[in-house]
Amino acid sequence: MIPSGMFRYCAGLPKIPNEKPGYGFLTQYSGRSLVEICLSFSRMRNKQTTQIGFCVSPNNNKAKTGGVSLYVFSVVYKTQISKIKYYCLALKEMLCSVVSKPYNLGRMAELNLNVDIAPYNARQLRLANPVIVASGTFGYGDEYPHLFDRNRLGAIVCKATTLKPREGNPQPRIAETPNGMLNSIGLQNMGVEAVIREKAPQWYTWDVPVIVNIAAESIEDYAELARRLDKVPGVSGIEVNISCPNVKCGCIEFGSSPESAARVTDAVRNATTLPLIIKLTPNTSSISELARAVADAGADAISLINTLRGMRIDIKKRRPILGNHTGGLSGPAIKPVAVSMVYQVSGAVNVPVIGGGGIMNAEDALEFIMAGATAVQIGTANLVNPRAPIEVLEGLEAYARAEGLKSIREIVGIARS
């Protein structure tokens with residue numbers, strides 16, 4: 001039974017005529033693990049949840065549960081025709097059971113989510129947690145303060161930066177696809193000097209590290225970008241984009257073969273001491289060879305995957321939907337490809353791997369981490385749900401606590417063992 005007074009039905013919401021107060025229905029999960037409950041609750045919260053709460057209360061069966069039960073509840077509303085119906089969903093999970101080890105509340109203070117994505121670099125790049133927002137989906141990080149505290153993130157990767165400002169590709173630039181989207185932004189940005197002048201001073205005041213994603217049309221330009229950013233306060237690292245499929249020259253041209261990728265990496269490595277991340281393309285015949293080449297050339301970490309090249313056709317106009325004809329496919333549709341490539345690369349190199357591609361929730365992020373990713377990047381999910389990175393972070397924390405982990409690093413690559 002739910003303890004009396006644990007929460008109020010319709011509390012804080014307008015009363016609906018002819019609707020009787022009540023608890024709706026209760027689903028009891030006494031045989032489920034705490035992580036299953038937390039993840040189920042996380043999914044519920046995305047369905048127009050208006051109230052969320054937790055309650056720890058005494059349990060009568062002290063011999064089996066240690067005297068504590070955890071109740072997770074939420075109030076969800078749905079609109080059907082013109083009538084609003086209220087549903088109250090309640091979840092119950094025992095913190096301890098006969099068949100599982102006690103959930104030690106003392107461990108809550110011991111959980112360590114810290115990760116280092118540049119352990120072999122003298123300047124290092126230690127993150128408070130493994131959740132990074134991906135380039136091109138979070139702007140310069142200054143648009144989000146009204147939604148959540150950005151300092152809770154592990155790191156921010158700003159939108160791609162080039163030597164000179166770019167206007168980007170012709171419109172339309174975005175097209176929805178089943179379980180994903182195509183984008184063809186074309187690296188629109190303000191240019192490196194404006195970033196240094198206008199954005200870096202802001203980043204310097206933040207607690208969260210900001211990594212600058214750079215893109216260029218020549219190896220010399222990549223190196224020059226790195227030189228200009230090297231000593232800039234507020235810049236914590238560089239992510240080299242050799243994988244964008246949305247520009248006619250540069251980027252993916254350098255990332256399509258191990259030799260050219262290594263040359264770019266070497267040039268940038270010689271131009272800066274900042275932590276160096278190389279972002280790889282999935283549009284290659286051997287992702288492992290590509291990863292080994294950039295690691296040997298001096299990369300501190302490898303991020304993958306960037307988008308897959310794709311296209312949509314407007315059957316009425318009989319023309320490609322995107323102004324650039326092709327674009328980069330992202331979202332849940334590419335997640336299995338991304339997880340597979342992270343699994344391959346993490347077994348091929350000895351530098352940290354940052355996984356991304358279709359991560360929408362904590363369960364997705366856990367797949368990447370167990371495949372070998374030290375950290376994860378949240379991209380397209382930001383465009384659907386701006387709070388996605390925080391929800392992923394909270395889900396990872398809930399999982400780690402439920403499993404009794406002392407560090408998230410305990411499960412990095414565990415699927416490989």
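**Exercise 1. Describe how helix 8 passes helix 9 in this predicted model.**

Solution. Helix 8 passes helix 9 in a right-handed crossing. The next step takes the two values that describe a packed pair. Two packed helices are described by the angle between their axes and the distance between the axes. For helix 8 and helix 9 (residues 362–371), the axes come within 8 Å and cross at roughly 25°. Angles under 35 degrees count as roughly parallel, so helix 8 is roughly parallel to helix 9.

**Exercise 2. List the residues through which helix 8 and helix 9 meet, and sort them by character.**

Solution. Helix 8 contributes Lys335, Ala338, Val339, Val342, Tyr343 and Ser346. From helix 9 come Asp364, Glu367, Phe368 and Ala371. Sorted by character, the residues of this contact comprise 6 nonpolar, 1 polar and 3 charged.

**Exercise 3. Find the strands that helix 8 lies across, and give its direction relative to strand 19.**

Solution. Helix 8 spans residues 335–346. The strands it lies across are strand 14 (301–304) and strand 19 (353–356). Relative to strand 19, helix 8 runs at about 170°.

**Exercise 4. Trace the barrel and examine one pair of its strands.**

Solution. Start with the strand order. The barrel is closed by 8 strands in the order 7-8-11-12-13-14-19-20, with parallel pairing. From one strand to the next, the twist averages 25°. Now take one pair. Strand 8 (residues 155–157) pairs with strand 11 (residues 210–214) in the parallel sense, over 2 bridges. Val157 has Ile211 in strand 11 as its bridge partner.

**Exercise 5. Locate two cis peptide bonds and a positive phi in the backbone.**

Solution. The background comes before the cases. Most residues other than glycine have a negative phi, and most peptide bonds are trans.

- Gln171 and Pro172 are joined by a cis peptide bond with omega of about -10°; Pro172 sits in the loop between strand 8 and strand 9 (174–177).
- Leu304 and Ile305 are also joined by a cis peptide bond, with omega of about 10°; Ile305 is in the loop between strand 14 and strand 15 (308–311).
- Asn179 is not a glycine, yet has a positive phi of about 60°; its loop is the one between strand 9 and strand 10 (180–183).

**Exercise 6. Judge the confidence along the protein chain.**

Solution. The average pLDDT of the protein chain is 79, and 71% of the residues score at least 70. Residues 1–109 have a pLDDT below 50. Beyond near neighbours in sequence, that stretch has 172 contacts in the model. Where pLDDT is low, the predicted coordinates should not be read in detail.

Definitions and conventions: Residues numbered from 1 in each chain as written. Predicted model: local features only at pLDDT ≥ 70, side-chain atom pairs only at ≥ 80, totals over all residues. Heavy atoms only, no water. Pairing = 2+ DSSP bridges. Helix = DSSP H or I, 4+ residues; strand = E, 2+ residues; numbered from the N terminus. Axes fitted to C-alpha atoms, helices over the stretch in contact; angles between N-to-C directions. Contact = heavy atoms within 4.5 Å. Parallel < 35°, antiparallel > 145°, perpendicular 65-115°, else oblique. Left-handed = near helix turned anticlockwise from the far one by under 90°. Nonpolar A, V, L, I, M, F, W, Y, C, P; charged D, E, K, R; others polar. pLDDT = per-residue confidence, 0-100.
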